[in-house]
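Student: Could you take a close look with me at one part of this protein? I'd like to see how the aromatic rings sit together.

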Amino acid sequence: MPLIVTNNGSYPRIGDAPEAQRHRRAYARAERGEISEAEWRAVEDEVTREVVLEQIAAGVEVPTDGQVRWYDPISHLARSLAHVTINGLLRYFDTNFYFRQPVVRGPIRWTRPLLRAEYEMASAASPKPVKPVLTGAVTLARHSIVEHPPYQKDFRQLVLDYNEAVAQEVRELAAAGASVIQIDEPSILQDPASINLLEETLKRVASWKGTARLALQVYFGDPGPILERLLALPADIVGLDFTYNPGLVEQVAAAKPGKSLGLGLFDGRNTKLEDPQTVLRALDRILPHVRAEECYLQPSSGLEYLPRDRALEKLKRLVAIKNQMRN
């Protein structure tokens with residue numbers, strides 16, 4: 001079975017080398033009003049090209065844009081929607097990172113494309129197909145402050161209105177030529193009772209994906225308790241975080257998945273480099289039981305939680321393991 005190495009989502013914007021500090025320096029200058037908006041956007045473009053090409057140089061076959069323009073996974077999309085403003089900082093799950101919390105003050109409405117231009121810029125810079133990533137509606141809703149009374153009484157409607165924005169973004173990305181579009185829904189592992197609602201949102205999103213393949217990604221928790229439901233959801237690829245449950249390898253093998261998997265066998269939050277033999281044994285156990293054309297080898301989550309040099313080493317080791325499988 002073909003095994004494709006992909007990044008999961010984010011990638012560190014800043015490194016130790018002086019040239020890898022320009023994003024931080026430019027951000028500080030932009031905050032002080034010392035450079036124009038156009039000059040700041042030019043730096044973001046430059047760093048995006050750099051991280052895309054760095055992933056490819058490591059051997060990654062499906063890179064992402066590194067989410068260089070994202071302050072965090074929640075506010076990036078939410079801030080562009082009607083009747084949503086952005087509040088203070090809150091810890092993102094159990095990480096050491098924070099997100100700016102959306103405040104929903106009226107009916108959520110999508111007003112303009114956001115991710116398409118970001119995708120097109122990264123795609124133009126890449127000799128490999130770039131995978132756009134966006135946060136799903138359940139996770140957006142669970143991380144929002146709700147001041148609009150109808151939503152306070154009806155969480156489902158809040159999710160569905162967020163999902164219309166997600167679906168429109170997917171439509172734009174598909175029209176721009178994206179071959180794989182990833183939806184991140186980490187909240188479902190803390191809120192498994194919403195699995196039916198997640199299924200409803202994905203059906204709607206899938207109706208707009210055109211010829212693109214839709215990837216559902218879950219992380220920051222053990223997917224084992226709802227594995228069968230996750231595998232049955234209307235996504236072409238299901239990405240799983242294997243770092244929370246050592247028994248998940250056997251559980252996935254026993255499930256005999258009928259669709260492609262994103263195998264998050266490398267910890268995206270831990271600087272320790274994985275033992276190749278341990279990962280190879282897991283792949284040998286899982287892959288013969290997957291009834292699909294290919295699977296994806298990837299970190300368990302985005303890599304922004306790591307120093308840049310260690311994120312790069314993780315990707316290189318993923319590629320080395322994939323090459324060992326081929327040999």
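Student: Let's start with one residue: is Tyr-219 buried or exposed, and what is its relative accessibility?

Tutor: Sure, but a quick word on the ground rules. This is a predicted model, where local features need pLDDT of at least 70 and side-chain atom pairs count only at pLDDT 80 or more, while totals for chains, interfaces and linings use all residues. Residues are numbered from 1 along each chain as its sequence is written, and side-chain values use heavy atoms, with hydrogens and water left out.

Now to your residue. Tyr-219 has 6% relative accessibility, so it counts as buried (buried means under 20% relative accessible area, exposed over 50%, partly exposed in between, with a 1.4 Å probe and protein chains only). Phe-220 is buried too, with a relative accessible area of 4%.

Next, the rings. A search of the whole structure turns up seven aromatic pairs. Here rings of Phe, Tyr and Trp (its six-membered ring) pair if their centres lie within 6.5 Å; planes under 30 degrees apart count as stacked, over 60 as edge-to-face and the rest as tilted. Take Tyr-92 and Phe-220: their ring centres are 6.1 Å apart and their planes stand at 80°, so this pair is edge-to-face. Tyr-92 sits in the loop between strand S2 (82-91) and strand S3 (98-109), and Phe-220 in the loop between strand S7 (213-217) and helix H9 (227-232), so the pair ties together parts that are 128 residues apart in sequence. (Those helices, H or I with at least four residues, and strands, E with at least two, are DSSP runs numbered from the N terminus.) Both Tyr-92 and Phe-220 are buried. Your Tyr-219 also pairs with Phe-220, edge-to-face again, at 4.7 Å centre to centre and 85° between the planes.

Step back a little and you'll find one aromatic cluster made of Tyr-92, Phe-93, Phe-97, Phe-99, Tyr-219, Phe-220 and Tyr-305. Phe-93 is in the loop between S2 and S3, and its phi is near 50°, a positive value in a residue other than glycine.

How does that fit into the whole chain? The protein chain has twelve helices and ten strands, and buried residues make up 56% of its 327 residues. Among contacts (heavy atoms within 4.5 Å) between residues at least 6 apart in sequence, 74% join residues at least 24 apart.
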